Amino acid sequence: MTTAQVGVVGLAVMGGNLSRNLARQGLTVAVYDRVQGLGRDLASGHEGVGGIVDCANPESLIAALARPRAVILLVPAGRATDAVIRDLAPLMEAGDTIIDAGNARFEDTENREKALAAMGIRFIGAGVSGGEEGALHGPSIMAGGGQGAWDAVRPMLEGISARVDGEPCCALVGPGGAGHFVKTVHNGIEYAVLQLIAEAYHLLREGLGETAPRIGEAFADWNASGLDSYLLEVSAEALRHEDARTGRPLVDVILDEAGNKGTGVWAAQAALGLGVPATGVAEAAFARALSARREQRESIRAALGSPEPDSPGEGFQEDVRQALEFATRVAYAQGFDLIHAGSDEHGWGLDCASIARVWRGGCIIRARLLDAIVEANIHDPGTPSLLTDPPYMAPVIAGEAAWRRVVSWAVLSGIPVPVFSSLLSYVDALRTERLPAALIQAQRDFFGAHTYRRIDVDGAFHTLWSSDRSEKEV
Ligand code: NDP
């Protein structure tokens, strides 16, 4: 029987292409999927060393592997991952490693690591970014787990990852669920940036009456400037693509209901749980949910009508470009705030510069601005946010007025810009000297005796609202 160096379970787009990538590195890869035929199709043409061996079931996959064994999972998050681990773990032995390279809630990853450790099996929770193409040609890999498990699989994972300036875009970012947490934040940033680009498209379409292909041309030009990012590049290509059936721009015949696989919601939940105002992520997740409520949208449009857009002023397209560039930087800054908070909460010791380095290649959110994040000193307690890092902000700071003009025009014209407007409010709130939170505290104290602190005296206070309204220290 062939002795394979690594096993892969789950052979849809990610598992199939990652198996090909592993085989290209000269490894023999044993593969299994419960869908009959996926492994056979993958294996044909890949026999021998550096080949792909189709296995009919988990038992034959494990039997095909050299010891200590390493098995990579690329199956749906949640119950499917648990089911695959339940099938594999009893067949494995102490010193073997399972790498969950799918998306996962980081809490699940920590529970799985503990359960497998009791059997002596090592577990790595690795966030993998890059989609279909990345999996084949070199993804970005954010791993979490113990050092011993990492040392055992590091050469293999570095071998298949993308490289920038010769450095692998692959790292052990921290212990336990840290890798999957970082991947969750990555997906949150992805949600926010995709929504910003979509809002920019909508603004140009409604404001200037531009066609999809012409907006695609504009995005391609912007992509050659400081906005250089993979997500803008794919947006430009998608907007310029013609539908073969109708000859119309493809985007004009796609139903306007955005889907999701839940990772943006996980990111928003993590932000809420940690008390991090990652508003761009949450608004982007809500925007997808809203788009999918077709019947409600139609009935509300019929009931309320919609305002007629004004025509925007001179230079609107350049204003939208500058707004997009500024807002995108704020969206990444919120993501890194979330990483900091997760790291502090769980004691992971995450290093933002090394995470930014891993995201520079192969990754869906790769963008030129990551170079500035690699250089930014965001561990310095005096520099608690990327928004206070002058080199990070310098290229966009002059675009603030443009961003305000764009949001103002959109609000007056009834064009929804949830992420453009919430990110602007976020920046404004952060630099407001006195927020109306003082009134929130008074309200809470009024109805719930929740107490408040004063600006002039230390301690917690309560006003006796329902009696003589005197104040007492509590
Ligand atoms: P899917 O998650 O859609 O499917 C993975 C494959 O695993 C399917 O063939 C599925 O079969 C199979 N499978 C499910 N349960 C089992 C089981 N118990 N035993 C064996 N095989 C099983 O595929 P993707 O390639 O899109 O994603 C894989 C993982 O990577 C997911 O966790 C996803 O979130 C993550 N990911 C995906 C990206 C993408 O761009 N697609 C990008 C980054 C990460 P069946 O169809 O019968 O369920």
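Before the close-ups, one term: a residue is buried when its relative accessible area is under 20%, exposed when over 50%, and partly exposed in between, using a 1.4 Å probe and protein chains only. This is a predicted model, where local features need pLDDT of at least 70, side-chain atom pairs count only at pLDDT 80 or more, and totals for chains, interfaces and linings use all residues. Residues are numbered from 1 along each chain as its sequence is written, and side-chain values use heavy atoms, with hydrogens and water left out.

**View 1. Thr 97 and its contacts.** Is Thr 97 buried or exposed? Thr 97 is buried, because its relative accessible area is just 2%. You'll find Thr 97 in strand β5, which covers residues 97–100; strands here are DSSP runs of E with at least two residues, helices are runs of H or I with at least four, and both are numbered from the N terminus. Contact means heavy atoms within 4.5 Å. Leaving aside neighbours within four places in sequence, Thr 97 is in contact with residues including Arg 69, Val 71, Met 92, Ile 124 and Val 153.

**View 2. The cavity.** On a 1 Å grid over the protein atoms alone, a cavity is a set of points where a 1.4 Å probe fits but cannot get out, while a pocket is an open set with protein on both sides within 12 Å along at least five of seven lines; lining residues have an atom within 4 Å of a point. Grid points are joined across faces, edges and corners, and a volume is the space filled by probe spheres set on the points. The structure holds one cavity of 30 Å³ or more, and the largest cavity has about 110 Å³ of space. Its lining has 15 residues, with Leu 227, Ser 229, Thr 328, Ala 367 and Leu 369 nearest the centre. Helix α15 supplies the largest share of that lining, five residues.

**View 3. The second largest pocket.** This pocket has a volume of about 300 Å³. Among the residues lining the second largest pocket are Arg 434, Gln 441, Tyr 452 and Asp 456. Which element gives the most to this lining? That's α21, with four residues. The lining divides into five nonpolar, one polar and four charged residues, where Ala, Val, Leu, Ile, Met, Phe, Trp, Tyr, Cys and Pro count as nonpolar, Asp, Glu, Lys and Arg as charged, and the others, Gly among them, as polar.
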